[in-house]
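Subject: Structure for you to look at

Dear colleague,

I am passing on a structure that I would like you to open alongside this message. Please take your time with it, and then read the notes underneath.

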Amino acid sequence: MVAIDGPSASGKSTVAREVARRLGVDYVDTGAMYRAVAWAAAQRGIDLADEAGLGRLAASLVIEQPDSEESDQLLVDGADVTEAIRSPQVSAAASVVSVVPDVREGLVAQQRARAARGGVVMEGRDIGTVVLPDADLKVFLDASLDARAQRRYDELRRRGVDISLDEVRRQVDARDRRDETRAHSPLRPAPDAVIIDTTSMGPEQVVERVVSLLHDRRGRV
C-alpha cells in the first residue's frame, strides 16, 4: 500500500494515478469522496452546518471509483458526477464537509475497507496519518502556494471555468488553512513520510521518485 498526502494542487492525483498504473494496483482518490458528499448535500438540500445530517448522508452514499487509466470517473449512487464534483462551488463545500468528524469517520471506514481488499495507491490529506498508518510507503507532496494556485487555475480553465488566478489563489490558501487547523485529522506529514517538494518538478519526475522509493523499501524488507 502506498499513501500519498499533501495540500491542494500539490500533484497528488496525477502522481498517485500513474504510480498505481505502474504498480498494477488500484488508485483511490479520497478527496473525491468528500467532494461527493458535498455535491450530494447540495442536491438534497442539506445545510453544511447540519453536521448530523452530513454524517448520515456520508454513511448512506454508495461512492464508486471504477478502475480506469483514462479518467477519474466517480459514481454516487450510480450517477456519474465526475465533472460536477470538480466545480469551484463543490470544492469550497468539500472543504467545509471534510472537517465534520462524522463524515470523516464514515469515509475513513470505507477507505480502509477498500485498502483491505488488496494493493492500492491512496491519496488524500490524512492517508499516512489516519487511514493507512501501516502503509508500505508514505509520501507527502508539497509545493509553493503560487505554484499550486497556478496549477489549479490551469485545470479549471481547461474545464471551462471562468475564474481569476487571484480568486483561485485565495481559495487554495483558505483550503490550506482549514485543512491544517481542523481538529479532526489535520493535514500534516506522517512522522515517517518522505516529503517531496514538487514546485519545480514535473509529474513524471515525481512519479519516478515515488516508484524508486517504494522499490528501495521493498528491497530492504
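Below is what was found, beginning with the sheet and then moving on to the helices and the nonpolar cores.

Please keep in mind throughout that this is a predicted model. Five strands form an open sheet, and if you follow them across it you meet them in the order 2-6-1-7-8, with parallel pairing. The edges are strand 2 (26-29) and strand 8 (194-197), each of which pairs on one side only. On average, and ignoring direction, neighbouring strands of this sheet are turned by 20° against each other. As general background, the strands of a sheet pair through backbone hydrogen bonds, either parallel or antiparallel.

Strand 1 is a good place to look in detail. This strand (residues 2-5) pairs in the parallel sense with strand 7 (residues 137-142) over four bridges, and it also pairs in the parallel sense with strand 6 over four bridges. You can follow this at Ile-4, whose bridge partner in strand 6 is Glu-123 and whose bridge partner in strand 7 is Val-139. Val-2, in turn, has Leu-137 as its bridge partner in strand 7. From strand 1, Val-2 and Ile-4 point one way while Ala-3 and Asp-5 point the other way, and all are buried.

Helix 1 (residues 12-23) has twelve residues and reaches 16 Å from its first C-alpha to its last, close to the 16 Å expected at 1.5 Å a residue. Its buried residues are Lys-12, Val-15, Ala-16, Val-19 and Ala-20. Because these residues cover an arc of only 130° around the axis, they lie on the same side of helix 1. After helix 1 comes Gly-24, which has a positive phi, near 75°.

The last topic is the nonpolar cores. Of the 35 residues in the largest one, Val-37, Leu-74, Val-103 and Leu-107 touch the most other members. Helix 2 gives the largest share of this core, nine residues. If you leave aside its neighbours within four places in sequence, the contacts of Val-37 include Leu-54, Leu-57, Val-97 and Leu-107. A second, separate core has 19 residues, among them Val-2, Ile-4, Val-19 and Val-210.

With best wishes

Technical notes. Residues numbered from 1 in each chain as written. Predicted model: local features only at pLDDT ≥ 70, side-chain atom pairs only at ≥ 80, totals over all residues. Heavy atoms only, no water. Pairing = 2+ DSSP bridges. Helix = DSSP H or I, 4+ residues; strand = E, 2+ residues; numbered from the N terminus. Axes fitted to C-alpha atoms, helices over the stretch in contact; angles between N-to-C directions. Expected span 1.5 Å × (residues − 1). Buried < 20%, exposed > 50% of the residue type's maximum accessible area, 1.4 Å probe, protein only. Arc of directions from axis to C-beta. Core = buried A, V, L, I, M, F, W, Y, C linked by side-chain atoms within 4.5 Å. Contact = heavy atoms within 4.5 Å.
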